[in-house]
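This report describes the secondary structure of a protein chain, then its sheet and one helix pair.

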Amino acid sequence: MRRAVRGYLDHLTVERGLSANTLASYRRDLDRYLTTLVDAGVADLAAVGPGVVESHLARLRAGDADHPPLAVSSAARAASAVRGLHRFALREGLAGADPSRDVRPPTPPRRLPRALPVDDVVRLLETAGAATATGDGAPLALRDRALLEFLYGTGARISEAVGLAVDDLDTDGGAVLLRGKGGRTRLVPIGGYAVDALRAWLVRGRPGVVAAGRGTPAVFVNARGGALTRQGAWTILRRAAERAGLPVQGTGAVSPHTLRHSYATHLLDGGADVRVVQELLGHASVTTTQVYTLVTVERLREVYATAHPRARG
């Protein structure tokens, strides 16, 4: 069974181009699934029945002595991993049937993405790097401002930003080549504010910082001259949010994805077509993008409720 899991993960890596983080999550999910099969006395994927799959998914939601209950979203991801493994086993001739075919994963509650008001975004960007804008920390202040301007100015995912290479940028033409999920690439325009911040970082900040390391093509680097990590980018945003007086904990906490949500919502508020926003965000389906139209409708309802004389009814 472990050989089948390795084959499935290799398939996801080569054929589907899933990210390293997604693959790591699937690997953990499937390791736990194999433990369930062993405990149930199942030694071959061909011997798995629907009841075993249903029991495993139920245990994920309920938790056990060694694991806390999984949230609906995590349980849905684990169910996707299990269902994908069985489809792979059937296709590769490792099993004669798919016992997970009729097992439905839990449906996460639909949550609208949280977008910051434009004024809050401006305050966040203006305070980025403010605490170290002079002295020895000045180069990193330029990096912090450039990173946040880039995230909001392009709608890039945090993984796309930290994986960005200098050769992917065209500051003269105001465009960037982003490498998204599944190995898909897209060309996205960069606004003037982000271009100015990137030029300042690339010319006045990055060369001196990169010299301290071994050399990297990454646009955004850490203080040691190596490529910035996702965790490092999150720390930069959190510091800026704290200085701007925005929440960094709880359900309303600002995260790197908050800037992506804000980018999409503000484009739609400004009259952009949802298909254009889909292309800019790199969504494979417009259905994913349409959740942002719900955000703008909610905002219209709020404005109507407070402004129209007959809205209270």
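The protein contains 13 helices and three strands. The coordinates come from a predicted model. Of its 313 residues, 42% count as buried. Among contacts between residues at least 6 apart in sequence, 57% join residues at least 24 apart.

**The sheet**

The three strands make up an open sheet with the order β1-β2-β3, and their pairing is antiparallel. Strands β1 (169–170) and β3 (185–189) lie at the edges; each has a single partner strand, so one side of each has no neighbour in the sheet. In general, the strands of a sheet pair through backbone hydrogen bonds, in either a parallel or an antiparallel manner.

Strand β2 covers residues 175–179 and is joined to β3 by five bridges. Between β1 and β2 there are two bridges, and these strands too run antiparallel. Individual residue pairs across the sheet are listed below.

| Residue | Opposite residue | Strand of the opposite residue |
|---|---|---|
| D170 | A175 | β2 |
| V176 | V188 | β3 |
| R179 | T185 | β3 |

Both strand connections are hairpins in which a glycine takes a positive phi. The hairpin of β1 and β2 has four residues between the strands, and there G174 has a positive phi near 65°. In the hairpin of β2 and β3, five residues separate the strands, and G182 adopts a positive phi near 65°.

**The helix pair α1 and α2**

Two packed helices are described by the angle between their axes and by the distance between those axes. Helix α1 spans residues 2–16 and helix α2 spans residues 20–39. Their axes come within 11 Å and cross at roughly 160°. Angles over 145 degrees count as roughly antiparallel, and the crossing angle therefore makes α1 roughly antiparallel to α2. The crossing of the two helices is right-handed.

Which residues make the contact between α1 and α2? From α1 these are R2, V5, Y8, L9, L12 and T13. Helix α2 contributes L23, Y26, R27, L30, D31 and L34. By class, the residues of this contact divide into eight nonpolar, one polar and three charged.

How values were computed
Residues numbered from 1 in each chain as written. Predicted model: local features only at pLDDT ≥ 70, side-chain atom pairs only at ≥ 80, totals over all residues. Heavy atoms only, no water. Pairing = 2+ DSSP bridges. Axes fitted to C-alpha atoms, helices over the stretch in contact; angles between N-to-C directions. Parallel < 35°, antiparallel > 145°, perpendicular 65-115°, else oblique. Left-handed = near helix turned anticlockwise from the far one by under 90°. Contact = heavy atoms within 4.5 Å. Nonpolar A, V, L, I, M, F, W, Y, C, P; charged D, E, K, R; others polar. Buried < 20%, exposed > 50% of the residue type's maximum accessible area, 1.4 Å probe, protein only.
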